[in-house]
Amino acid sequence: MKIIIGQPRLEQHVLQLEAELKQHPDADVLFFPEGYLNQNVEDACRLAAAYGTMIVTGHRRLDERPKDRSIIISKAGEIVLEKAKYTPAEMVEEQGWVISTLLCDELVLQGFRNENVGSVDIVMHSIGVGMFSEGQYSEWVEEARKIALQHRCVVMGTSHADGSYRDSKISIPIAYCITPDGAVVLASRSDTRTRTILLDRGSIDPSPQESQEKQLKISIDSSG
């Protein structure tokens with residue numbers, strides 16, 4: 001599976017999303033931050049279908065509380081997962097992988113609550129804006145690492161390239177990827193290049209989870 005991790009700037013439209021889709025036509029998944037879509041869900045569905053790429057990100061329903069939702073749009077342009085912030089985890093199986101989501105501070109406020117989900121292959125953590133301190137950066141990467149270890153899954157996250165939390169004068173854009181054995185294979189701060197993550201399980205047959213984990217290969221291209 002080829003996953004593109006983007007760190008776009010905040011915007012009212014989806015121009016950066018479309019640009020990444022154009023640049024990576026062979027991508028299986030485009031992974032963007034919390035709230036990026038705003039209310040442009042229909043446009044994102046159209047683009048997902050046009051480019052044949054699954055989109056994992058977040059959007060906002062401004063008339064509801066909490067307003068933030070995680071969303072997964074299939075390669076066919078259909079919404080296959082939509083979850084309100086601070087609710088238990090949900091999952092979807094797409095392209096042979098079981099995928100779930102986390103939104104921003106769900107990571108530290110409730111963790112990955114998957115009591116109704118079961119095992120997952122990938123948790124995709126969409127973050128709103130950058131970290132407000134180096135301490136927060138380290139804490140969030142470590143919390144994500146604990147989830148990867150506990151649930152034996154890949155955990156990856158990304159934030160917008162700009163914006164800050166409340167009145168903080170510090171904003172550290174973040175992107176990361178952690179393997180099921182807790183190895184941090186990507187942990188970037190203040191580096192907003194697009195990343196390409198390649199996940200390869202080889203030929204999967206009915207074998208114990210441990211055997212499948214040993215087959216998982218992850219490679220990262222940070223040249224974007």
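Before I begin, a word on classes: Ala, Val, Leu, Ile, Met, Phe, Trp, Tyr, Cys and Pro count here as nonpolar, Asp, Glu, Lys and Arg as charged, and the others, Gly among them, as polar. Please keep in mind, too, that what we are looking at is a predicted model.

With those classes in hand, let me turn to the largest pocket, whose lining has eleven nonpolar, eight polar and nine charged residues. In total 28 residues line this pocket, and those that lie nearest its centre are E34, C104, G128, V129 and Y165. Two elements, α3 (106–109) and α4, each give two or more residues to the lining, and α4 provides the largest share, which is three residues. The space in this largest pocket comes to about 560 Å³.

Helix α4, which spans residues 134–151, also leads us to the sheet, since it lies across β7 (97–103), β8 (122–126), β9 (154–158), β10 and β11, and runs at about 25 degrees to β10. The sheet itself is open, with six strands in the order β6-β7-β8-β9-β10-β11 and with mixed pairing. Its edge strands, β6 (91–94) and β11 (184–189), each pair on one side only, and from one strand to the next the twist averages 20 degrees.

Finally, let us look at one end of that order, where β10, residues 174–178, runs antiparallel to β11 and is joined to β11 by five bridges. Within this pair, I174 has R189 as its bridge partner, while C177 stands opposite L186. The hairpin of β10 and β11 has five residues between the strands, and in this hairpin G182 takes a positive phi near 85 degrees.

Definitions and conventions: Residues are numbered from 1 along each chain as its sequence is written. This is a predicted model: local features need pLDDT of at least 70, side-chain atom pairs count only at pLDDT 80 or more; totals for chains, interfaces and linings use all residues. Side-chain values use heavy atoms; hydrogens and water are left out. Two strands pair if DSSP finds at least two bridges between them. Helices (H or I, at least four residues) and strands (E, at least two) are DSSP runs, numbered from the N terminus. Axes are lines fitted to C-alpha atoms, for helices over the stretch in contact, and angles run from 0 to 180 degrees between N-to-C directions. Contact means heavy atoms within 4.5 Å. On a 1 Å grid over the protein atoms alone, a cavity is a set of points where a 1.4 Å probe fits but cannot get out, and a pocket is an open set with protein on both sides within 12 Å along at least five of seven lines; lining residues have an atom within 4 Å of a point. Grid points are joined across faces, edges and corners, and a volume is the space filled by probe spheres set on the points.
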